[in-house]
Amino acid sequence: VLSAIRRDIKGGESLPVMVFTTDDRKETRSKAEELGVEDYLLKGMTSLQEVTARIKGILKKIPSHHDEE
């Protein structure tokens, strides 16, 4: 899916992507990082507050979003 996003969506190569999954295998996480995932979170192991904080952190890195605040 991430490869398709990067390839097929206008601006997809710079679109920040956060993975929220139950897959905790090291090889899956490594593959996601190779594909440029901004963050990799495990369901059931991450609180809503942490998810919110990470999303805010990602949004702060986006110049166009940060300028609007």
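Here is a walk through the structure above, going from its paired strands to its core and then to its salt bridges. Keep in mind that this is a predicted model.

Let's start with the strands. Strand β1 covers residues 18–21, and β2 covers residues 39–42. The two run parallel and are joined by four bridges. If you want a spot to fix your eye on, find V19, which stands opposite Y40 in β2. To get from β1 to β2 the chain passes through α2, and this β-α-β crossover is right-handed.

Now look at T21, which sits in strand β1. T21 is buried, with a relative accessible area of 15%. Setting aside its neighbours within four places in sequence, T21 touches Y40, L41, L42 and K43. The side chain of T21 also has a polar atom 3.0 Å from the backbone nitrogen of D23.

Next comes the core. Which residues make up the largest nonpolar core? There are five of them: L2, V17, A32, V37 and Y40. You have met Y40 already, as the residue in β2 opposite V19. L2 is a handy place to begin looking around here. Leaving out its neighbours within four places in sequence, L2 is in contact with V17, A32, L35 and V37. Among those contacts, V17, A32 and V37 are fellow members of that core.

On to the charged side chains. How many salt bridges does a search of the whole structure find? The search turns up five, and we can visit some of them in turn.

One salt bridge joins the side chains of E33 and R29, at 3.7 Å from N to O. Helix α2 spans residues 26–34, and because E33 and R29 are four residues apart in it, about one helical turn separates them. As for its surroundings, R29 is partly exposed, with a relative accessible area of 34%.

Another salt bridge brings together the side chains of K61 and E38, at 3.1 Å from N to O. Here the partners come from distant parts of the chain, 23 residues apart: K61 is in the loop between α3 and α4, while E38 is in the loop between α2 and β2. K61 is exposed, at 60% relative accessible area, whereas E38 counts as partly exposed at 34%.

Then there is the pair R54 and D39, whose side chains meet in a salt bridge at 2.7 Å from N to O. This pair also links distant parts of the chain, with R54 in helix α3 and D39 in strand β2, 15 residues apart. Is each partner buried or partly exposed? R54 counts as partly exposed, at 29% relative accessibility, but D39 is buried, at 14%. Buried here means under 20% relative accessible area, so D39 falls on that side of the cut-off. The story doesn't end with two residues, either: D39, E50 and R54 are linked in a network of salt bridges.

Let's finish in a loop. M45 is found between β2 and α3, and M45 is exposed, with a relative accessible area of 66%. To place it against another part of the chain, compare it with M18, which is 27 residues away in sequence. The C-alpha atoms of M45 and M18 are separated by 15 Å.

Definitions and conventions: Residues are numbered from 1 along each chain as its sequence is written. This is a predicted model: local features need pLDDT of at least 70, side-chain atom pairs count only at pLDDT 80 or more; totals for chains, interfaces and linings use all residues. Side-chain values use heavy atoms; hydrogens and water are left out. A nonpolar core is a set of buried Ala, Val, Leu, Ile, Met, Phe, Trp, Tyr and Cys residues joined through side-chain atoms within 4.5 Å. Buried means under 20% relative accessible area, exposed over 50%, partly exposed in between (1.4 Å probe, protein chains only). Contact means heavy atoms within 4.5 Å. A salt bridge is a side-chain nitrogen of Lys or Arg within 4 Å of a carboxyl oxygen of Asp or Glu. A polar contact is a pair of N or O atoms within 3.5 Å; within protein, one must be able to donate a hydrogen and the other to accept it, and residues adjacent in sequence count only if both atoms are side-chain atoms. Two strands pair if DSSP finds at least two bridges between them. A crossover is right-handed if, with the strands pointing away from the viewer, the path from the first strand over the helix to the second runs clockwise.
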